[in-house]
Amino acid sequence: MSISTTVRVRGFAVVATVCVIAVTATACGGTTKKSSSSSSGSGSSVTSSATANPNAPLKTGLKIAFLPKAINNPYETIVDDSGIAGAKEFGGTAKEVGPSDSSASSQVSYINTLIQQQQNAILLAANDPNAVCAPLKEAMKKGIKVVAYDSDTAKDCRQLFINQASSEQIGRSLVQNLGKQLNYKGKIAILSATQNATNQNTWIGFMKQELALPKYKGMTLVKVAYGDDDDQKSFQQTQGLLAAYPDLKGIISPTTVGIAAAARYISSSSYKGKVVVNGLGTPNQMRKYVKDGTVAQFSLWNPKNLGYLAAYAAAALSSGQITGAEGETFKAGKLGTYKIGANGEVILGKPTVFDKSNIDGFNF
């Protein structure tokens, strides 16, 4: 498999170096893209008899690594930057590494390298729930803690999953919002990321369940298109959807790359004002489309908080405060206390709906 060898270093060094948060990136497996300090720590082994000590102090010098779906995704850059800054607060070393594409197996070689580097924790936004399982299980056997965030792995391939919000709430709310905008009538399409993305497919499943309710009988889902979290491909997929379905009334894009690309295409086309675009995006990337009338509303959680929470969860796990069992709690710095739910899931909170009335109050 071919791996990109471009490297971006963007870090915090506790003793000497402080770097500002970057927005775009490429990276190479096993190389430091960003780090938060220069110490090292040791992880504890994962066993079925592991017990939590909620009073244990957070270990200093923990080494943790963020492995996003793709290194050049602006949304995931925001998430990982915040997690790296969070690691600095508890005296850890954090970095981001990853592939430049979002293919199912693209993350495997990076996991293997992080195992060799003896990281204390690997935090991963999975491109595929199963393709990464073998190396993640190997990591856990070696005492490395595994935390999925943003997009989950299969449940036995990690100890925790840091979820942005309830998956059902995200999926159903996107359909509910679009339904209101369309008065529950017309053909709609979904513009997703990759076909194997765990979070996308989970949300789409709940979207379809919502659409099956009687009040949506006047709405028809004509296609689920895939832009692979690539801006140009998502732009072309939007163009293709409208060419194939000129009477399309709405597009839901549950990916920040996809919604921005769809809005960009529609903003300069004859479909502006005729096709409703909704989905998940960041205020900074969507602000101009809200203000020019292309998009009336969209949703998202705070990605900075997601990365920050993931970092503290990894630290709590690596320090023995928690094991990942349902009902355990841990403190996540300035975000307060969180409780682990079923299947090791920790939910950040409810998503926010952004529109003209509030979008200027957010900067991310």
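## Notes on the predicted model

1. Let's start inside a helix: Ile266 is found in helix H7. With a relative accessibility of 0%, Ile266 counts as buried. Please keep in mind throughout that this is a predicted model. Leaving aside residues up to four places away in sequence, Ile266 touches Thr238, Leu242, Ile251, Tyr271, Lys272, Val275, Val277 and Thr294. One of these partners, Thr238, is 28 residues from Ile266 in sequence, and the two C-alpha atoms are 8.3 Å apart in space.

2. That pair leads on to the packing of two helices. How far apart are the axes of helix H6 and helix H7? The separation is 8 Å, and helix H6 (residues 231-244) packs against helix H7 (residues 256-267) at an angle of about 55 degrees. This makes H6 oblique to H7, as angles between 35 and 65 degrees fall outside the parallel and perpendicular classes. The crossing of the two helices is right-handed. On the H6 side, the contact is made by Asp231, Gln232, Ser234, Phe235, Thr238, Gln239 and Leu242. H7 brings Val257, Gly258, Ala261, Ala262, Arg264, Tyr265 and Ile266 to the contact. By class, the residues of this contact are seven nonpolar, five polar and two charged.

3. Another helix pair to look at is H2 with H3. Helix H2 (residues 108-116) and helix H3 (residues 133-141) have axes 9 Å apart and pack at an angle of about 10 degrees. That makes H2 roughly parallel to H3, because angles under 35 degrees count as roughly parallel. H2 passes H3 in a left-handed crossing. In H2, the residues at the contact are Val108, Ile111, Asn112 and Ile115, and they meet Pro135, Leu136, Glu138 and Ala139 in H3. Sorted by class, the contact of H2 with H3 has six nonpolar residues, one polar and one charged.

4. Helix H8 (residues 283-291) is worth a look for its buried residues, which are Pro283, Met286, Arg287, Tyr289 and Val290. An arginine is on that list, as Arg287 is one of the buried residues of H8. What covers the buried residues of H8? The cover includes H7, strand E10 (298-300) and strand E14 (352-354). Just after H8, Gly293 has a positive phi of about 85 degrees.

5. If you check backbone torsions, please visit the loop between helix H4 (167-181) and strand E6 (186-192), where Asn183 lies. Asn183 is not a glycine, yet its phi is positive, at about 55 degrees. Tyr184 is placed in the loop between H4 and E6 as well, and the phi of Tyr184, again a residue other than glycine, is positive and near 60 degrees. Are these residues buried or exposed? Asn183 is exposed, with a relative accessible area of 58%, while Tyr184 is partly exposed at 25%.

6. Strand E6, on the far side of that loop, holds Ser192. Ser192 is buried, its relative accessible area being 0%. Which residues does Ser192 touch, not counting those up to four places away in sequence? They are Gln200, Ile204, Val224, Ala225, Tyr226, Gly227, Asp228, Pro254 and Thr255.

7. A second serine also deserves a mention. Ser318 lies in helix H9 (residues 303-318), and at 0% relative accessibility Ser318 counts as buried. Along the chain, Ser318 and Gly143 are 175 residues apart, but their C-alpha atoms are separated by 9.0 Å.

8. Finally, some totals for the whole protein chain. The chain has nine helices and 14 strands. Buried residues account for 55% of its 364 residues. How many of the contacts between residues at least 6 apart in sequence join residues at least 24 apart? The share is 71%. The chain exposes about 14300 Å², with carbon and sulfur atoms supplying 50% of that area.

Definitions and conventions:
Residues numbered from 1 in each chain as written. Predicted model: local features only at pLDDT ≥ 70, side-chain atom pairs only at ≥ 80, totals over all residues. Heavy atoms only, no water. Helix = DSSP H or I, 4+ residues; strand = E, 2+ residues; numbered from the N terminus. Buried < 20%, exposed > 50% of the residue type's maximum accessible area, 1.4 Å probe, protein only. Axes fitted to C-alpha atoms, helices over the stretch in contact; angles between N-to-C directions. Parallel < 35°, antiparallel > 145°, perpendicular 65-115°, else oblique. Left-handed = near helix turned anticlockwise from the far one by under 90°. Contact = heavy atoms within 4.5 Å. Nonpolar A, V, L, I, M, F, W, Y, C, P; charged D, E, K, R; others polar. Areas by Shrake-Rupley, 256 points an atom, 1.4 Å probe, with all protein chains shown as cover.
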